Amino acid sequence: MKIFNIEINNQQYIVEQPSNDYDIFYVNRKKGTFCIAKDKDKKWIIETQVNPSLDLPVELIGQYIDAQLSA
């Protein structure tokens, strides 16, 4: 499992990748789960969300994940 700590606009996000075999990532799992993934067009989308009131910058988090994985 890979874990990334991301800060966007003074907001901390903890991103977990359960397996290298999957392009699915859990965001802030302990505060209300968001599962983000890439769709067939390689755009970042919210796959599942438990706390829909939270505003999640999916594209920004996806850009950080891409940068982390390519480093």
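**Exercise 1.** In the hairpin of S4 and S5, which residue takes a positive phi, and how many residues stand between the strands?

*Solution.* Bear in mind throughout that the model is a predicted one. Begin with the stretch that links S4 to S5, where five residues lie between the strands; within this hairpin, Lys-42 is the residue with a positive phi, near 65°. Then turn to the strands themselves, which run antiparallel and are joined by five bridges, with Ala-37 of S4 standing opposite Ile-45 in S5.

**Exercise 2.** Describe the hairpin of S3 and S4, and follow Val-27 to its partners on either side.

*Solution.* The strands S3 and S4 pair in the antiparallel sense over four bridges, and their hairpin has six residues between the strands, with Asn-28 taking a positive phi near 50°. Val-27 stands opposite Phe-34 in S4, and in the pairing with S2 Val-27 of S3 stands opposite Val-15. That second pairing, between S2 (residues 11–17) and S3 (residues 24–27), is antiparallel and rests on two bridges.

**Exercise 3.** Assemble the sheet from its strands, and place the helix on it.

*Solution.* First set out the strand order, which is S1-S2-S3-S4-S5 in an open sheet with antiparallel pairing. The ends of this order are the edge strands, S1 (2–8) and S5 (44–49), each of which pairs on one side only. From one strand to the next, the twist averages 30°. Finally add helix H1 (residues 58–70), which lies across S1, S2, S3, S4 (34–38) and S5 and runs at about 130° to S1.

**Exercise 4.** Which residues of the largest nonpolar core touch the most other members, and which elements give two or more residues to this core?

*Solution.* The core holds 14 residues, and those that touch the most other members are Ile-6, Val-15, Val-27, Ile-36, Leu-56, Ile-61 and Ile-65. Two or more residues come from each of S1, S2, S3, S4 and H1. As a general background, nonpolar side chains in soluble globular proteins tend to be buried together.

**Exercise 5.** Is S4 mostly covered or mostly open, and what does Ile-36 touch?

*Solution.* Taking buried to mean under 20% relative accessible area, four of the five residues of S4 are buried, and the strand is mostly covered. Leaving aside residues up to four places away in sequence, the contacts of Ile-36 include Ile-24, Phe-25 and Val-27, together with Trp-44, Ile-45 and Ile-46. Leu-56, Val-58, Ile-61 and Ile-65 are also among the residues that Ile-36 touches, as are Asp-23 and Glu-47.

Note on methods:
Residues numbered from 1 in each chain as written. Predicted model: local features only at pLDDT ≥ 70, side-chain atom pairs only at ≥ 80, totals over all residues. Heavy atoms only, no water. Pairing = 2+ DSSP bridges. Axes fitted to C-alpha atoms, helices over the stretch in contact; angles between N-to-C directions. Contact = heavy atoms within 4.5 Å. Core = buried A, V, L, I, M, F, W, Y, C linked by side-chain atoms within 4.5 Å. Buried < 20%, exposed > 50% of the residue type's maximum accessible area, 1.4 Å probe, protein only.
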